[in-house]
Amino acid sequence: MKLSNVSGVISSFFTYTGPSHNGAPWDEIDIEFLGNDTTKVQFNYYTNGRGGNEILYDLGFDVANSFNTYAFDWQEHYINWYVNGELVATATENIPRNPSKMLMNIWNTYGIDEWAGAYWGQNAIASYEWVRYTPNNGGTIASDFQLHACEYSGASGVTSWHCGVGSFYPGSWIKFDNVNLSTGYNAFAVSYASTQSGSFDIRLGSPNGRLIGTVNYGSTAGWENYQWSGTPALDATAQGVHDIYIVSRAGAANLREFWFKNE
């Protein structure tokens with residue numbers, strides 16, 4: 001998401017069920033951004049109409065300036081909230097139990113200015129790049145995780161900037177040290193931009209090491225026009241801790257982030 005920085009505007013991602021939905025008890029789990037201070041995120045939840053569980057977390061960056069990934073893991077006895085794959089908050093008391101809708105919205109807080117500031121009628125935009133739901137697996141499947149391309153530990157033939165990697169031509173590679181593949185992953189996704197088609201390998205241990213997957217990507221019609229591609233055929237027998245190499249085979253691309261997933 002990339003969120004609005006207009007005073008008096010709330011941008012959100014949340015689950016909900018209650019009287020205004022289907023007459024059920026009011027349950028809700030929230031990720032909310034207050035337009036008067038977009039360096040913070042507020043987490044909250046309601047169980048049978050009972051709230052008062054706000055957690056205000058200082059992000060250390062401005063959510064209105066870039067897309068970032070926000071998530072929560074809703075289990076029977078806890079809720080974990082994540083920012084860019086990092087666990088940042090946990091709740092363990094009176095956890096919601098009712099099945100809920102998954103929603104996103106943006107709205108002004110007229111009449112409750114003390115919460116997110118006064119709203120004066122300005123235009124406000126919240127952008128949502130993608131959303132994903134993973135059913136509860138009882139802890140038997142490894143949780144999805146993210147790698148930022150620019151946080152590589154070693155590289156050959158690439159350029160980098162704050163949010164990504166460029167000059168990813170055939171023979172170029174980037175390395176991530178000590179990546180925990182846990183019990184294995186069967187899918188892999190990449191956020192990339194390119195003016196041409198190409199491909200890259202995911203390998204273990206070295207640029208010529210064990211091949212666990214190949215991503216073939218198409219043109220996105222622009223070097224700043226990021227889209228998602230990937231492979232649903234990652235070798236899930238690759239488990240435990242490994243150095244991961246992303247090795248270009250063909251084409252050229254800018255890379256922003258990767259996800260190891262189970263689908």
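## The five-stranded sheet

In this predicted model, 5 strands make up an open sheet with antiparallel pairing. The strand order is 4-3-2-1-8. The edges belong to strand 4 (55-58) and strand 8 (101-108). Each of these has a single partner strand, so one side of each lacks a neighbour in the sheet. On average, neighbouring strands here are turned by 20° against each other, direction ignored.

## From strand 8 to strand 1

Start at the strand 8 edge. Strand 1 (residues 9-17) pairs with strand 8 in the antiparallel sense. The pairing runs over 8 bridges. One bridge can be picked out by residue: isoleucine 10 has tryptophan 107 of strand 8 as its bridge partner.

## Strands 2, 3 and 4

Strand 2 (residues 27-34) pairs with strand 3 over 5 bridges, again antiparallel. The two strands form a hairpin, with 5 residues between them. Within this pairing, glutamate 32 stands opposite glutamine 42 of strand 3.

Strand 3 is also joined to strand 4, by 4 bridges, and these two run antiparallel. Here valine 41 faces tyrosine 57 in strand 4 as its opposite residue. How many residues of strand 3 (residues 40-46) are buried? The count is 6 of the 7, so strand 3 is largely enclosed by the rest of the structure. The cut-off for buried is under 20% relative accessible area.

## The three-stranded sheet

An open sheet of 3 strands has the order 5-6-7. Its pairing is antiparallel. Strand 5 (70-74) and strand 7 (86-91) are at the edges. Each has a single partner strand, so one side of each is left without a neighbour in the sheet. From one strand to the next, the twist averages 20°.

Strand 5 and strand 6 (residues 79-83) are paired over 5 bridges in the antiparallel sense. Tyrosine 70 has its bridge partner in strand 6: valine 83.

## Two buried residues in strand 18

Strand 18 (residues 241-250) contains serine 248. Is serine 248 buried or exposed? Its relative accessible area is 5%, so serine 248 is buried. A polar atom of the serine 248 side chain lies 3.0 Å from the backbone oxygen of tyrosine 169. A polar contact needs a pair of N or O atoms within 3.5 Å.

Tyrosine 245 also has its place in strand 18. Its relative accessible area is 7%, so tyrosine 245 counts as buried. Alanine 64 gives a reference point for its position. Tyrosine 245 and alanine 64 are 181 residues apart in sequence. In space they are 32 Å apart, C-alpha to C-alpha.

## A nonpolar surface patch

Which residues form a nonpolar patch on the surface? They are Met102, Met104, Val131 and Tyr133. Together they have about 400 Å² of accessible area.

Tyrosine 133 belongs to the loop between helix 1 (113-116) and strand 9 (145-148). Its relative accessibility is 59%. The cut-off for exposed is over 50%, so tyrosine 133 counts as exposed. Met102 and Met104 of the patch fall within the range of strand 8 (101-108), an edge strand of the five-stranded sheet. In a regular strand, side chains alternate between the two faces of the sheet.

Terms used
Residues are numbered from 1 along each chain as its sequence is written. This is a predicted model: local features need pLDDT of at least 70, side-chain atom pairs count only at pLDDT 80 or more; totals for chains, interfaces and linings use all residues. Side-chain values use heavy atoms; hydrogens and water are left out. Patches are made of residues with over 30% relative accessible area and no salt bridge: like charges are joined within 9 Å, nonpolar side chains (Val, Leu, Ile, Met, Phe, Trp, Tyr) within 5 Å. Accessible areas come from the Shrake-Rupley method with a 1.4 Å probe; for residues, only the protein chains shown count as cover. A salt bridge is a side-chain nitrogen of Lys or Arg within 4 Å of a carboxyl oxygen of Asp or Glu. Buried means under 20% relative accessible area, exposed over 50%, partly exposed in between (1.4 Å probe, protein chains only). Two strands pair if DSSP finds at least two bridges between them. Axes are lines fitted to C-alpha atoms, for helices over the stretch in contact, and angles run from 0 to 180 degrees between N-to-C directions. A polar contact is a pair of N or O atoms within 3.5 Å; within protein, one must be able to donate a hydrogen and the other to accept it, and residues adjacent in sequence count only if both atoms are side-chain atoms.
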